[in-house]
Structure formats: structure tokens, C-alpha cells
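Here is a friendly walk through one protein model. Have a look at the sequence and the structure first, then read on.

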Amino acid sequence: MIASVLVPALLVGVSITYIKIDEVLSSMNNPVFIVLTIATVIVATLSSGFLGWLVKFHFVEAAITPGLVMADTGGSGDVSVLSAANRMHLMPFAALTNRVGGALVLFVTALLVPFMG
């Protein structure tokens with residue numbers, strides 16, 4: 001009961017504390033940012049799920065852990081994604097993929113930004 005009641009409240013509190021609302025609102029006015037964000041999440045999720053499926057992993061778990069966890073906001077994002085997917089047992093893998101995937105996203109974004117104008 002405690003986990004089902006307090007975890008959502010904790011996630012909202014942590015998210016509101018660490019997110020700068022004025023920066024989020026200014027980013028929402030940039031359509032390139034929105035397209036890049038959506039494309040990153042979709043491509044990361046589908047490609048990791050497909051690659052996991054090729055090596056005989058469960059598609060959904062392979063898509064969630066390296067795909068969605070890589071594109072979230074860190075530790076609190078990991079908890080949010082995994083609790084929403086009801087896959088909290090994947091937290092050790094989420095911590096690893098968050099670090100590796102975050103570096104990968106930064107690298108790919110640095111390659112794509114000069115072409116976006």
C-alpha cells in the first residue's frame with residue numbers, strides 16, 4: 001500500500017523540484033526540439049526492442065530498459081519509466097543503460113545538430 005500511494009507522490013515531488021519550468025516552456029516553442037525529442041524516444045525504443053528480439057530477449061523488456069530508460073531524465077526517470085511499465089525488477093539494468101545510452105544520445109545528437117540548422 002505504501003509503495004502504491006507514496007511512489008507517485010514522490011515522483012511528482014522529485015520531478016517538480018529538479019525541472020526548471022521556464023526552460024521546459026521555452027523549449028516547447030522550438031519545433032526542432034520537439035521533433036528531435038520524439039524521434040529519439042521512438043528510434044531508441046524500437047531499435048533496442050528489435051535488437052533485443054534478434055538475440056532472443058523479450059521485445060518489451062528490451063525496448064523498455066535500453067530504449068526508454070536511455071531517453072529519460074536520470075534516476076527519477078528510471079523509476080518513473082519502470083514503475084509505469086510495472087518492471088521495477090529491471091532497475092539494475094536501467095542504471096547501466098542510463099549511463100551508456102545517455103552518452104550515446106549525446107554523441108548522435110552532436111552529429112545531427114549541424115545538419116538541422
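## A first look around

Residues 24 or more positions apart make up 43% of the protein's contacts with a separation of 6 or more, where a contact means heavy atoms within 4.5 Å. Before going further, bear in mind that this is a predicted model, in which local features need pLDDT of at least 70, side-chain atom pairs count only at pLDDT 80 or more, and totals for chains, interfaces and linings use all residues. Residues are numbered from 1 along each chain as its sequence is written, and side-chain values use heavy atoms, with hydrogens and water left out.

What is the protein built from? It has 6 helices and 0 strands, so to speak a run of α-α-α-α-α-α from the N terminus on. Helices (H or I, at least four residues) and strands (E, at least two) are DSSP runs, numbered from the N terminus. Along the principal axes, the C-alpha atoms fill a box of roughly 50 × 40 × 20 Å.

Of the 117 residues, 21% count as buried. Buried means under 20% relative accessible area, exposed means over 50%, and partly exposed is in between (1.4 Å probe, protein chains only). The protein exposes about 8200 Å², and carbon and sulfur atoms supply 77% of that; the areas come from the Shrake-Rupley method with a 1.4 Å probe.

## Helix H5 and its neighbours

Now zoom in on H5, which covers residues 75-84 and holds Asp78. Is Asp78 buried or exposed? Asp78 is buried, since its relative accessible area is 3%. Leaving aside residues up to four places away in sequence, Asp78 touches Val69, Asp72, Met91, Ala94, Ala95 and Asn98.

Asp78 has company: Gly77, Val81 and Leu82 are buried in H5 too. Seen down the axis of H5, the buried residues fall within an arc of 120°, so they line one face of the helix. That arc is taken from the directions from the helix axis to the C-beta atoms. As a rule, an α-helix has 3.6 residues a turn, so residues three or four places apart point the same way.

What covers the buried residues of H5? The cover includes helix H4 (59-68) and helix H6 (91-116). H6 has buried residues as well, namely Ala94, Thr97, Asn98 and Gly101, and they pack against H4 and H5. Further along, H6 bends by about 25° at Ala110, and Pro114 follows within four residues. The bend is the angle between axes fitted to the seven residues ending at a residue and the seven starting there.

## Out in the loops

Most residues other than glycine have a negative phi. Lys56 and Asn86 each have a positive one. Here are three loop residues side by side:

| Residue | Loop | Relative accessible area |
|---|---|---|
| Lys56 | between H3 (31-54) and H4 | 74%, exposed |
| Ala85 | between H5 and H6 | 23%, partly exposed |
| Asn86 | between H5 and H6 | 66%, exposed |

The phi of Lys56 is near 70°, while Asn86, just after H5, takes a phi of about 60°. As for Ala85, its C-alpha atom and that of Glu61 are separated by 9.2 Å, although the two residues are 24 apart along the chain.
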